[in-house]
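The following exercises, each with a worked solution, treat strand order and helix packing. Please consult the sequence and the structure shown here.

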Protein chains: 2
Amino acid sequence: MSFPCIDKLASRTQKLDSGPEPSYDNIVTGYELFEHKQPFLLDHGGILPHVTVAYETWGQLNAAKDNCILIHTGLSASSHAKSQPKNEKPGWWEDFIGPGCPIDTNKFFVVCTNVIGGCYGSTGPSAIDPADNERYATRFPILTIFDMVRAQFLLLDHLGIEKLHASIGSSMGGMQSIAAASLYPDRVNRLVSISACARSHPYSIALRHTQRQVLMADPNWNKGFYYKGIPPHIGMKLAREIATISYRSGPEWELRFGRKRAQEDQSPALCPDFLIETYLDHQGERFCLQYDANSLLYISKAMDMFDMSASSVQRLEQQRQKNQIKVDDILAKQDEKQREQEQQQKDANKKDDRPSLTTLSATDPATQDLIEGMKKIKMPTLVLGIQTDLLFPVWQQKEIAECLRASGNKKVTYYELDAMFGHDTFLIDRVSVGGAIKGHLESKI
Amino acid sequence: MSFPCIDKLASRTQKLDSGPEPSYDNIVTGYELFEHKQPFLLDHGGILPHVTVAYETWGQLNAAKDNCILIHTGLSASSHAKSQPKNEKPGWWEDFIGPGCPIDTNKFFVVCTNVIGGCYGSTGPSAIDPADNERYATRFPILTIFDMVRAQFLLLDHLGIEKLHASIGSSMGGMQSIAAASLYPDRVNRLVSISACARSHPYSIALRHTQRQVLMADPNWNKGFYYKGIPPHIGMKLAREIATISYRSGPEWELRFGRKRAQEDQSPALCPDFLIETYLDHQGERFCLQYDANSLLYISKAMDMFDMSASSVQRLEQQRQKNQIKVDDILAKQDEKQREQEQQQKDANKKDDRPSLTTLSATDPATQDLIEGMKKIKMPTLVLGIQTDLLFPVWQQKEIAECLRASGNKKVTYYELDAMFGHDTFLIDRVSVGGAIKGHLESKI
C-alpha cells in the first residue's frame, strides 16, 4: 500500500529544513502599529516590557469621536477584516464591512486589531523579547481574553476614542466583546456577541485540548523553541483538521460531500480517500505554515480559561491587584499614597457593584455566579447563535442572553439562526448574520 | 514553562526502545480459536491464505441449535464481552449478559468474536503472513464490515448453527448486525442495531480521518512496519483522545467536569490543566499500548466505507464475483460447470430481489438506493438511538428504521433514548438499553 499523505509531510519537512526561518510578517501586511512603551501586566502575573498592537481602520472618525466600532477577531484571524489601500486582498469579513454594508463605513469608523498573543503584527510568542533579543517562544506569559481587550483599549486611548458605538465579535471575538463590555461598561454603547459564550464548556475545551496535544506532540515543536529550526508543520496541519471539524456542521457536509470519494475508480486507501477527507487535508495544508504554532497554543488556552462568572473575574482582579506591585517596582515612580487611594476607591466600587442578585439563591449557584459576573453589562446587546454550531452550541448563546437579562439588562436581543454552516456561519451568511448586526447598530435605542 | 505531558511521552518512548516487542496476546486471554484453513476472499479483492477467528461463548446451545445470539463488537473491543471461567476479568458488556440479564444465558447461547482485522486473536495486520512468516503490517488487505461478518458466519457453520435467534450489535457492531441480516437474511431471526448507521456520514468519516492522520503522522508508525521497533504510542494516544470526544457528550461532561481544574491552586498550563483534559489524557494513556495501531487504521476505514445502499452493495458483489476467479485459481479444484450454474443462480436471485420499490422515485434517489439496499432485512428489528450521540446521531438511527419500513419490513421497533452519555450509552445504561434488548429478544413475534 502506498502512503502519499505521509510522503507529502516528509517532503515538506525536508524543504523547510533547507529553507529560511519561517516568518509571518509577509502573510498579512498593510496594518498600522501602535506601540505601548510601558510594562503591560497580564492577568496571570506575566509582564510584557512593552506591547505592540497591529490594527487597521475603515471609514472616518467623526468630530464627536463617537462613531467607532471595534471588531474583535476569532482565534487565528488578523486585523485584516476588509481590504484597504495598503492591503487590497479581501479580508476575513470583507462583505460585512463597507459603504452600505451591515457595518456601514459611511456611518462608522471601524477598527480591527490583531490580538496580543497573535503573530500578525501584535506582540505574541513569536515576537522578540527585548531582554535578550530572542523570540519569546514559550517564555511568553499566559494571557487571557481580558488581557487582549485591555491592549485594544490602550489603542483606543491612543486614537482618542473614549466611547465605542459598538463592540462586535464572533467566536473568540464574541468573548472579547463581552469582556470589553464588562471591563469598560462606560466605554461601550452597544454590544454584539455572535457564536460565543459566557464561559467555555468542557466539550469545547476538549476539542481545543486535542488540537494543542497533536501540535505539542510534533517533535519539531520542541517545547516551543522552533524558530531557528523546522516549524511544527505536521502538528499544525493535524490541529487545523481537528479544528475544521468543530467549525463546520454535519448537515452542511452531508449535502456538500455526502459519501463521494475523491476518485471513485480508485481502490480504497488509508490516506485521504473520501472527499470530506481531501477537504480536511486541504484545510490543514493551507494553514500549517500560515500561523504561528505558539500563538495557537496561547490563544486557544485563553479561550479555555474564559469565564465571566463573578468568582472567576474577581479572582483575576485580586491577582492583578497583587501583581500590580511588580509593575510598580519596575516603574519605581508611582506615588505610594496615590495607589492606596486608588485601592480604597476600588474597594468602595466593589461594594456598590453587588446588588440584590444573590438573593436568587434558589437557582443553581454556578448560574448565579455567572449572572453576577456579567452585571456590569447593561448596554443594548445583541446575542446571535447558530443552531448547527457544535463548538459554541445555542444553549451557550441562550446562557449569555438569559444571564444578562437576569442581571438586569433590559435591552437584550436574542436571535437563533437555523443556518447550516455550523460555527463558521458568521463568516459566510452575510444576509442573516449581517442583517441582525446592521439592525442592532443602526436602531434608535 | 514546564511541559510534563511532553516529557511523559519522551520517557515512554525511551522505555519502549529498550523493552521487548509489543504484544497484544496477553491483553485478552481465554478465548477459543476457530481456524478456517482455506483462502478467504475479501470484498476489495484481497485474499487471506487462511483465517483465524477468536471467540468466546456463554450459556448452552440447545438441542434444536436455535437459541444462539451473536454479539458484534465496536471498533477496538475483543471477544471478551463477559467474564467466563477461562478469563474471569469483567467483559465490556459484563452486566448485559448472564442469567436473568438483558441477554439471558439461562435461555440463550451467546457468541462473541474478535473481528477479523482486530488484534485480540483473530487474523489482522499484526498476524503472521504465512507467505514469509513476517507480520502483515500494511500489506494486510483492505477489509469491509461484510468481510468481518462472513468470517463470523464461517464460525457459526463450524459450530453447527444454521439460524441465529438474534444478531446484536452497537456502534460498529450495529453495522455488522445490519450487514449480517442483509447477507444472511434466512439465518438471522431477529436484528438489534444500537447507535449504528446504514451508511457512514461525512462527519463521522471526518472524525475517524483525524484519528488516522494523527496516528499515521507519528514517525514510529513507519508506514505500518513498527512491529520490530517502537510502536506509535504517541499517535495512538492522540487518536484515542479524539475518539473519546466523539464517544461522549457535552451534557455529561458539563455535569461531570464543568470547568473544574485538576489542581485549582496551580498556574494555568499548556499541558493538561482542566479536569476534562486530564480525563482525556488518561483515556489516551490507558489505550495507547492496548491495541494495535494498524488494526485501528483498517477497522476505522471499514467503518467509513460501510454503506447499505443498493448501488454500493451491488458494486461490492460484482467485485467479489470478479475476484472469486482468483480464489478459484488458488484452489484449482473447482468444477467450472458448477460455478457457472452458481453464477446463473445468483443472477436469477438478483432479478427476484428487485421489487417495485424503485417506483417511489419521487423521493431522494440516495434514500431510494438505501431502501433498496436493505430490502433483504425483513426479520423483526430493534433500532435504538441515543439523542446525545454525536458520532451516530439519531437522524441516522431514524434513517435505518425508516428505510427498513419503506422496504417492506413490518416489524421495526424504534426507540430513542434521552440518556446523557452520548455514543457510549450502550456500554453504560444497562437499564434502558438492556431493557429494550431483553424485550425484543424475549417477545413472541
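Helices (H or I, at least four residues) and strands (E, at least two) are DSSP runs, numbered from the N terminus. The model is predicted: local features need pLDDT of at least 70 and side-chain atom pairs pLDDT 80 or more, whereas totals for chains, interfaces and linings use all residues. Residues are numbered from 1 along each chain as its sequence is written, chains are lettered from A and ligands numbered from 1 in the order written, and side-chain values use heavy atoms, without hydrogens and water.

**Exercise 1.** Describe the sheet of chain A and its edges.

Step 1. The open sheet has 8 strands in the order β1-β4-β8-β5-β11-β12-β13-β14 (chain A), with mixed pairing; two strands pair if DSSP finds at least two bridges between them.

Step 2. Because β1 (32-36) and β14 (412-417) of chain A each have a single partner strand, one side of each edge strand lacks a neighbour in the sheet.

Step 3. Strand β13 (residues 381-386) of chain A runs parallel to β14(A), joined by 6 bridges. I386(A) lies opposite L417(A) of β14(A).

**Exercise 2.** Characterise helix α12 of chain B.

Step 1. The 13 residues of α12 (residues 394-406) of chain B should span 18 Å, the expected span being 1.5 Å times one less than the number of residues. The end C-alpha atoms are 18 Å apart, which agrees.

Step 2. Among the buried residues of α12(B) are I400(B) and L404(B) (buried: under 20% relative accessible area, 1.4 Å probe, protein chains only).

Step 3. After α12(B) comes G408(B), with a positive phi near 105 degrees.

Definitions and conventions:
Buried < 20%, exposed > 50% of the residue type's maximum accessible area, 1.4 Å probe, protein only.
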